[in-house]
Amino acid sequence: MTRRLPLTLTAATLMVATNILGASTAEADDPSVPPGTEASAAAPVEVDANDPDLKLPEGATLAEAKVLDIKQVVEDQSGEERREDTNADVKFALQAEVLFPKDSAKLTGEAKARIASIAEEIEKQNATRIRVFGFTDNLGSSAHGDVLSRKRANAVQGVLESELNDSTVTYEVRGYGEQYPISSNATESGRKKNRRVEVSFPRSDG
């Protein structure tokens, strides 16, 4: 069996504003919302605009409150696997090359072992709502990419379902094709990152 490379921290903890207080939360099943961008953090502590310790200049007012979500990104040394942790969710992104042969939705043996490790994390978080999204680069027709990305997402979901063997778990499976690239499609290295399957699920409160 091929040994997996250890995960190394390749990006510092990022403070990312993901929602504005009072804004509505996007529905998870809304395909017009890029996956992973839904509001997640809790509302901030209320601030007293009249508190003298704020030291505001005369005539100044506070800006609208924002909710900050802490995101930590960890990627293995080869870039084949990426994990993102926020206050509310965990997301794994696996490059298609480590899961499938070229232009195929048939999983390799190594792929099944990697998906099994994600299933272990799902069990650890006691997650019962899992999203599996497939993506491609922009080569070939858009229609072909849509079909291939959905088939690949279905294949990954099938392994997760077998590993978890839990009737209480529900899945949302989508194939987005070339939509929502995470890198430039102008280079092969960028296209390689865009060819991926993402598995995300809520973090437990414990």
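**Exercise 1. Find the residue of β5 that stands opposite E81, and work out how the two strands are joined.**

Start with the pair itself: in this predicted model, E81 faces L94 of β5. Next, place the strands. β4 covers residues 81–85, and β5 takes in residues 89–95. Now check direction: β4 and β5 run antiparallel, with five bridges joining them. Last, look at the link, where three residues sit between the two strands of this hairpin.

**Exercise 2. Which strand pairs with β5 through seven bridges, and which residue stands opposite V90?**

Go to strand β8, residues 196–202. Seven bridges tie β8 to β5, and the two run antiparallel. For a landmark in the viewer, pick V90, which has F201 of β8 opposite it. Put this together with Exercise 1 and you have β5 paired with β4 and also with β8.

**Exercise 3. Decide whether β5 is mostly covered or mostly open.**

Use under 20% relative accessible area as the cut-off for buried. Six of the seven residues in β5 pass that test, so the strand is mostly covered. For background, 36% of the protein's 206 residues count as buried.

**Exercise 4. Place these strands in the whole chain.**

First, count the elements: there are three helices and eight strands. Then read along the sequence, and you get β-β-β-β-β-α-β-α-β-α-β. Now turn to contacts between residues at least 6 apart in sequence: 70% of them join residues at least 24 apart. Finish with the surface, where the protein exposes about 12100 Å², 50% of it supplied by carbon and sulfur atoms.

Definitions and conventions: Residues are numbered from 1 along each chain as its sequence is written. This is a predicted model: local features need pLDDT of at least 70, side-chain atom pairs count only at pLDDT 80 or more; totals for chains, interfaces and linings use all residues. Side-chain values use heavy atoms; hydrogens and water are left out. Buried means under 20% relative accessible area, exposed over 50%, partly exposed in between (1.4 Å probe, protein chains only). Helices (H or I, at least four residues) and strands (E, at least two) are DSSP runs, numbered from the N terminus. Two strands pair if DSSP finds at least two bridges between them. Contact means heavy atoms within 4.5 Å. Accessible areas come from the Shrake-Rupley method with a 1.4 Å probe; for residues, only the protein chains shown count as cover.
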